[in-house]
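Trainee: Could we go through this protein together, one question at a time? I'd like to see how each answer is reached.

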Amino acid sequence: MHKSVLNLFGFLKSTAQFIKIVIVFFILLHLLFWIQNLTGSEFGFLKPFVPILSSFLYIGEVGSKDSMNLLGAKFEYKYLIALFAYLVLYLIDHLAYRGLEIAEGVYSNGYKKAREAEEKAFNKKLASDQTSEQKMLKRYNIYVSTSIKPKFSHREQKVNLEEQNMIMNKFLIEKTGVSPTPYEGGFLYSFGNFAAVDNNLQYFFKLLKSTAPLDYIICIQILGKDLVKEDKQLRELISLKFVNKISACSDTAYRYRFNASHRYETSQLGLFQKDGETFEVHEFREMI
């Protein structure tokens, strides 16, 4: 519709411009017709246009039938009045053209503002829908697995990984109130309120700062409707083995943006490919 209206304006302006050219053409013919009358000559090429030229002369004659002698020639006022009629037509056409330009400008400006308002309303609704949709995602899992730090891995150090895991899990259970389940060689903690994820993340960050002789792989995954997909994402995340980082896929990092408050920030760790699929990995970091 918008394109059709612009095409209509273009057509009307082109028509007005064409009419201008026609009027100028007839003004020139009128002057020649006048010269023909003054000199008593006859221009053959004027014959096809005589009916139109005569019509304007009739208008001039209605205005005045008087004449005057000038340099031995009969100067009839009707020719001057007819010329004025051509000029009036030209002015009217010019004003019409300018009116079309103004109307087109008003329409285009109005259309632009309407589109901007429509887009603004759409974006606002889209943002509201996205916020509502994201805030509905509340459940999430945090996976943690451990390994003995290389400098403590010698036999003489006598670090018992099972005992260290028991100490770690005791700490996390006391702080989070959640008991883990075995998963992919580590432990899976399941929570139900992602809006308060910071309250639990702080304890996993404490693991990374602890003096325990352990390295940690910690992954967080938001849960939605497609649990199979999300479980696959978590397994792929675990397989990347980001040591001593709290890593997450892009959907979890995106969901975190919609929390009311943020104790942590997210940054991209990189893009990775597996089985022909590309996925983006982020990490949670403490704000400096």
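What follows is a set of questions and answers on this predicted model.

Trainee: Okay, the big picture to start. How many helices and strands does the protein chain have?
Mentor: Keep in mind that we're looking at a predicted model. Counting up the secondary structure of the protein chain gives 7 helices and 9 strands.

Trainee: What is the radius of gyration of the protein chain, next to that of a compact globule of 288 residues?
Mentor: Look at the spans of the C-alpha trace along its principal axes: they're about 135 × 35 × 30 Å. A compact globule of 288 residues would come out near 19 Å. The protein chain, though, has a radius of gyration of 43 Å.

Trainee: What share of the residues in the protein chain is buried?
Mentor: A residue goes down as buried when its relative accessible area is under 20%. Out of the 288 residues in the protein chain, the buried share is 34%.

Trainee: And the surface? What percentage of the accessible surface belongs to carbon and sulfur atoms?
Mentor: The accessible surface of the protein chain adds up to about 18100 Å². The part belonging to carbon and sulfur atoms is 59%.

Trainee: How far apart are the centres of the positive and negative side chains?
Mentor: In the protein chain there are 36 positive side chains and 30 negative ones. Take the centre of each set, and the distance between the two centres is 3 Å.

Trainee: Let's zoom in on helix α6. What should its 13 residues span, and what is the distance between its end C-alpha atoms?
Mentor: Helix α6 covers residues 227-239. The expected span is 1.5 Å times one less than the number of residues, so 13 residues should give 18 Å. The end C-alpha atoms agree with that, as they are 18 Å apart.

Trainee: Which residues of α6 are buried?
Mentor: An α-helix has 3.6 residues a turn, so residues three or four places apart point the same way. With that in mind, here are the buried residues of α6: Glu230, Gln233, Leu234, Glu236, Leu237 and Ile238.

Trainee: Just after α6, which residue takes a positive phi?
Mentor: Most residues other than glycine have a negative phi. The residue you're after sits in the loop between α6 and β7 (246-249), and its relative accessibility of 56% makes it exposed. Its phi is about 55 degrees although it is not a glycine, and its name is Lys241.

Trainee: Is Glu184 buried, partly exposed or exposed?
Mentor: Glu184 lies in the loop between β4 (181-183) and β5 (186-191), and its phi is positive too, near 45 degrees. Its relative accessibility is 42%. The partly exposed class runs between 20% and 50%, so Glu184 counts as partly exposed.

Trainee: Which residues does Cys219 touch, not counting residues up to four places away in sequence?
Mentor: Cys219 belongs to strand β6 (residues 214-222). Its relative accessible area is 0%, so Cys219 is buried. The residues it touches are Asn141, Ile142, Tyr143, Leu234, Leu237, Ile238 and Ser247.

Trainee: Last one. Which residues is Thr252 in contact with, leaving aside its neighbours within four places in sequence?
Mentor: You'll find Thr252 in helix α7 (residues 250-256). Thr252 is buried, because its relative accessible area is 0%. Its contacts are Phe194, Ile220, Gln221, Ile222 and Phe284.

Terms used: Residues numbered from 1 in each chain as written. Predicted model: local features only at pLDDT ≥ 70, side-chain atom pairs only at ≥ 80, totals over all residues. Heavy atoms only, no water. Helix = DSSP H or I, 4+ residues; strand = E, 2+ residues; numbered from the N terminus. Rg over C-alpha atoms; globule rule 2.2 N^0.38 Å. Buried < 20%, exposed > 50% of the residue type's maximum accessible area, 1.4 Å probe, protein only. Areas by Shrake-Rupley, 256 points an atom, 1.4 Å probe, with all protein chains shown as cover. Lys, Arg positive; Asp, Glu negative; His and termini not counted. Charge placed at Lys NZ, Arg CZ, Asp CG, Glu CD. Contact = heavy atoms within 4.5 Å.
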